[in-house]
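User: I have a structure to look through and I'd like some help reading it. Can we go over it piece by piece?
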Amino acid sequence: MKTASIVLGDWATLQKDAQTVRYAVFVEEQKIPAELEWDINDTVCLHAVAYDEQQQAIGTGRLLPDGHIGRMAVLAKARGAGVGAAILRQLMQQAKQRGDACVRLNAQQSAEHFYLKEGFIRDGDLFMEAGIPHIHMQYHFD
């Protein structure tokens, strides 16, 4: 599956498509309670949404003002095609352009290898979030 485009924008612009992807991945697939998925941070983040050739949302992520990347999600049908990496790289580029020295994230343990391949390093011990093992990771810009 080829990613047609990645759109960056605010919550007001990308909410519908970002929510669709996040709901499918986090609430339906991973069984995270919906009330844990939505937070006040959405309104202050830069969001990225990836679209396929039919302009259907297939992936999303967000960059918080403090340099944290979060809510990275790709629909099952689009995984393994570079969608998540493309979203991550866009968010990292935006953080670097605005002057952030590094970016941080809380990776699900099952996704740790994905982030390691993108140059992130592990920073700390495993912890539980929403009933899922996570690890702190970071990437420092040169």
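Analyst: We can take the pocket, a buried arginine, the core and two loop residues in turn. Keep in mind that this is a predicted model.

User: Pocket, then. How much space lies in the largest pocket?
Analyst: The largest pocket holds about 870 Å³ of space.

User: Which residues lie nearest its centre?
Analyst: Phe26, Arg71, Met72, Gln108 and Tyr115 do, out of a lining of 38 residues.

User: And which element gives the largest share of the lining?
Analyst: That is β4, with 7 residues. Elements that each supply at least two lining residues include α1 (11–29), β4 (68–74), α3 (83–97) and β8 (132–140).

User: What's the lining like by class?
Analyst: It has 20 nonpolar, 11 polar and 7 charged residues.

User: New topic: Arg22. Where does it lie, and is it buried or exposed?
Analyst: Arg22 lies in helix α1. It counts as buried because its relative accessible area is 1%, and the cut-off for buried is under 20%.

User: What does its side chain make polar contacts with?
Analyst: One polar contact is with the side chain of Glu37, at 2.6 Å. Another is with the side chain of Asp42, at 2.8 Å. Leaving out residues up to four places away in sequence, Arg22 also touches others, among them Trp11, His47, Thr60 and Arg71.

User: OK, the core. Which residues touch the most other members of the largest nonpolar core?
Analyst: Ile69, Leu88, Val103, Leu105, Tyr115 and Phe120, in a core of 35 residues. Elements giving this core two or more residues include α1, β2 (46–51), β3 (57–63) and β5.

User: Why would nonpolar side chains be buried together?
Analyst: In soluble globular proteins, that is a general tendency of nonpolar side chains.

User: Back to Leu105. What is it in contact with?
Analyst: Setting aside neighbours within four places in sequence, Leu105 contacts His68, Ile69, Leu88, Tyr115, Phe120, Ile135, His136 and Met137.

User: Last bit, the loops. What is the phi of Gln55, and where is it placed?
Analyst: Gln55 has a positive phi of about 60°, although it is not a glycine. It sits in the loop between β2 and β3. With a relative accessible area of 47%, Gln55 is partly exposed.

User: And what about the phi of Ala130?
Analyst: Ala130 is not a glycine either, and its phi is positive, at about 55°. Its place is the loop between β7 (127–129) and β8. Ala130 counts as partly exposed because its relative accessibility is 38%, and that class runs between under 20% for buried and over 50% for exposed.

Technical notes:
Residues numbered from 1 in each chain as written. Predicted model: local features only at pLDDT ≥ 70, side-chain atom pairs only at ≥ 80, totals over all residues. Heavy atoms only, no water. 1 Å grid on protein atoms, 1.4 Å probe; cavity = no way out; pocket = protein on both sides within 12 Å on 5 of 7 lines; lining within 4 Å. Points joined across faces, edges and corners; volume = space filled by probe spheres on them. Helix = DSSP H or I, 4+ residues; strand = E, 2+ residues; numbered from the N terminus. Nonpolar A, V, L, I, M, F, W, Y, C, P; charged D, E, K, R; others polar. Buried < 20%, exposed > 50% of the residue type's maximum accessible area, 1.4 Å probe, protein only. Polar contact = N/O pair within 3.5 Å; in protein donor to acceptor, adjacent residues only side chain to side chain. Contact = heavy atoms within 4.5 Å. Core = buried A, V, L, I, M, F, W, Y, C linked by side-chain atoms within 4.5 Å.
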